[in-house]
Amino acid sequence: MSQNQPAGEAPSASPPPQGKAGPKPRSTGVVIFALMIAMLLAMLDNMIVGTAMPTIVGDLGGLNHLSWVVTAYTLTTAASTPIWGKLGDMYGRKGIFLTSIVVFLTGSVLSGLAQSMGQLIGFRALQGLGAGGLVVGVMAIIGDLVPPRDRGKYQGMMAAVMGVAMIGGPLVGGTLTDHLGWRWIFYINLPLGVVALAAVTAVLHLPKKRTEARIDYAGAALLTAGITALVLVTTWGGTEYAWGSGQIVGLAVGAVVALIAFLYVERRAAEPILPLHIFRSRNFSVITLVGFLVGFVMFGSLTFLPLYQQTVQGASATNSGMLLLPMMLSLMVVSLVVGRVTTATGKYRIFPIVGGVLITIGMYLLSTMDTDTSRLTTGCYMALLGAGMGCLMQLTMLIAQNSVEMKDMGVGSSSATLFRTLGGSFGVAILGALFTNHVQDTMVERAGPKGKEMTSGGAQLEPSQLDRLPAAVKDAYAHAVSNGTHQVFLWGAAIAVIAFIASLFIKEIPLRGSAPAPAAEDGAPADRAPVAETV
């Protein structure tokens, strides 16, 4: 940054290096199409599992480990993202990106072949490892190919992909589960992945590069160890082991030690995985917290809403996906409207505040559902929740990008993504533990020893089996699931209150690049490049 440049202002965009052009213009569209498929794979797989979860548990058992099918994927995605990014910087984007596609497809095949819940969780972790490379690879390659002033439309395309994944994931998962079996929710990745693999291999041409930058292996290892230990505490505490047991206390102590050591290492690392200086910005720290909490609430609700709809309201896996449409469509529409208003006015502070209020109200209303709640009522509550999320989903990244200098744009964006992903992982783990405990307690209370036997040790209860159960047992299980989801959404509402309070501390800092840059004299480039743009 030059001495004459105001602090916090984006420096001018650098011209692309001579002699290192990317694909020709006519092939850029093919590359972008392949990148969209890759992004769709990573995001769709995070959404597709929810509607099939009851059937998977019915086939493989392992009710107590239900949340880990999602947690394993999101956790390895989050932990691997900075590593994939650093490898791309060192050895070139193309080869590393192709490797991540192969890892993802391998995990998909193995997940489809899993014969136990333990195997499925392990293979989902491998799949998530590849997904981390897909997400960071797509963003980095677009950064290599597209000048900063042209990136807005591609950010819009990626936002559309996210909407398609969030709407289509439950539908695709439900349809495949009902008609072909749950294993096909993983096999479906193969044809899409092969198309992306072939297109990127044939058309994408980026310069090979090798830098002296070193991977912060110590920081990555300590961060992964700390986060894993924390999630194990939240998942196993009160279910596998008592909260005061040696296992849980040991994991908690290990997590604290690992994270303290991580902070020590990052302060001294030449190329830290997570540069700590970016958190000196109040807006960045606040919006990172808000993003974490939104991920917590969003992934928790997406995991347990289908289970409630299938078990209590009698929806099939396919219909359960359809019933999620009110939340998904509301989220998508409100997100687009908020993005356009923010771009047109440059004002954004009000939207996180409104979003926090709507999410809190939506989660509380969902917590009031019982065995008599109609599908229409549930749909209205979900639409309200989706509207709140729509106020926040795009803005968390926009505010994070606007809060760091241009030289920190990559780590700022990846850090915001990391914390939102970790929020989802923690949300599913913590809310999953609450759900399981209350289902088991209610079954014991209503069905006695029979209820305890049915829900202990991962006993399976597939929705299609409910019709064959005695009426009393079926009614007990429906009430158990209803009570479990009540606790999930009630605690989700409490978390949303924290997000609302945090949003009040966001400052209305002018958006860099939010207005057209003035034309420069003599055909020279404008003195600022757009930092972030919502669509």
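Partly exposed describes a residue whose relative accessible area lies between the buried limit of under 20% and the exposed limit of over 50%. That term returns in several of the views below, which come from a predicted model.

**Figure 1. Ile350 at the start of helix H14.** Here we look at Ile350, which belongs to helix H14, a run covering residues 350-367. Its relative accessibility is 49%, so Ile350 counts as partly exposed. Glu508 also appears in this view: 158 residues separate Ile350 and Glu508 in sequence, yet their C-alpha atoms are 9.0 Å apart in space.

**Figure 2. The whole chain, for orientation.** Before moving inward, here is the overall setting. The protein chain holds 17 helices and 0 strands. Of its 535 residues, 55% count as buried. Among contacts with a separation of 6 or more, 83% join residues 24 or more positions apart. The chain exposes about 22400 Å², and carbon and sulfur atoms supply 64% of that area.

**Figure 3. The largest nonpolar core and helix H11.** This core has 100 residues, and the ones with the most contacts inside it are Ile56, Leu120 and Leu366. Helix H11, residues 282-311, gives the most to this core, contributing 16 residues. Of the 30 residues of H11, 27 are buried, so the helix is largely enclosed by the rest of the structure. From first C-alpha to last, H11 reaches 44 Å, close to the 44 Å expected at 1.5 Å a residue.

**Figure 4. Ile56 and its neighbours.** Zooming in on Ile56, we can ask which residues it touches, not counting those up to four places away in sequence. They are Val49, Gly61, Met117, Leu120, Trp182 and Ile185. Leu120 is a familiar name here, since Leu120 and Ile56 are both listed with the most contacts inside the largest core. Apart from that core lies another, of 29 residues, including Leu41, Tyr73, Phe104 and Val203.

**Figure 5. Arg124, a buried arginine in helix H5.** Arg124 sits in helix H5, which spans residues 117-145. Is this residue buried or exposed? With a relative accessibility of 0%, Arg124 counts as buried, because buried means under 20%. Leaving out residues up to four places away in sequence, Arg124 touches Asp45, Val49, Val69, Val70, Tyr73, Thr76, Ser111 and Phe186. Gly107 is worth finding too: it lies 17 residues from Arg124 in sequence and 6.4 Å away in space, C-alpha to C-alpha.

**Figure 6. Thr373 in the loop between H14 and H15.** This close-up centres on Thr373, a residue of the loop linking helices H14 and H15. Thr373 counts as buried, at 16% relative accessibility. Setting aside neighbours within four places in sequence, Thr373 is in contact with Tyr308, Gln313, Thr368 and Thr378. One of these, Gln313, is 60 residues from Thr373 along the sequence, with 8.0 Å between their C-alpha atoms.

**Figure 7. Leu398 in helix H15.** Leu398 belongs to H15, which runs over residues 375-402. A relative accessible area of 4% makes Leu398 buried. The C-alpha atoms of Leu398 and Ala416 are separated by 9.9 Å, while the two residues are 18 apart along the chain.

**Figure 8. A nonpolar patch on the surface.** We finish on the outside, where Val497, Ile501, Leu504 and Phe505 form a nonpolar patch with about 330 Å² of accessible area together. Val497 is part of helix H17, residues 471-503. At 35% relative accessibility, Val497 counts as partly exposed.

How values were computed:
Residues numbered from 1 in each chain as written. Predicted model: local features only at pLDDT ≥ 70, side-chain atom pairs only at ≥ 80, totals over all residues. Heavy atoms only, no water. Core = buried A, V, L, I, M, F, W, Y, C linked by side-chain atoms within 4.5 Å. Buried < 20%, exposed > 50% of the residue type's maximum accessible area, 1.4 Å probe, protein only. Helix = DSSP H or I, 4+ residues; strand = E, 2+ residues; numbered from the N terminus. Contact = heavy atoms within 4.5 Å. Areas by Shrake-Rupley, 256 points an atom, 1.4 Å probe, with all protein chains shown as cover. Patch = residues over 30% accessible without salt bridge, like charges linked within 9 Å, V, L, I, M, F, W, Y side chains within 5 Å. Salt bridge = Lys/Arg side-chain N within 4 Å of Asp/Glu carboxyl O. Expected span 1.5 Å × (residues − 1).
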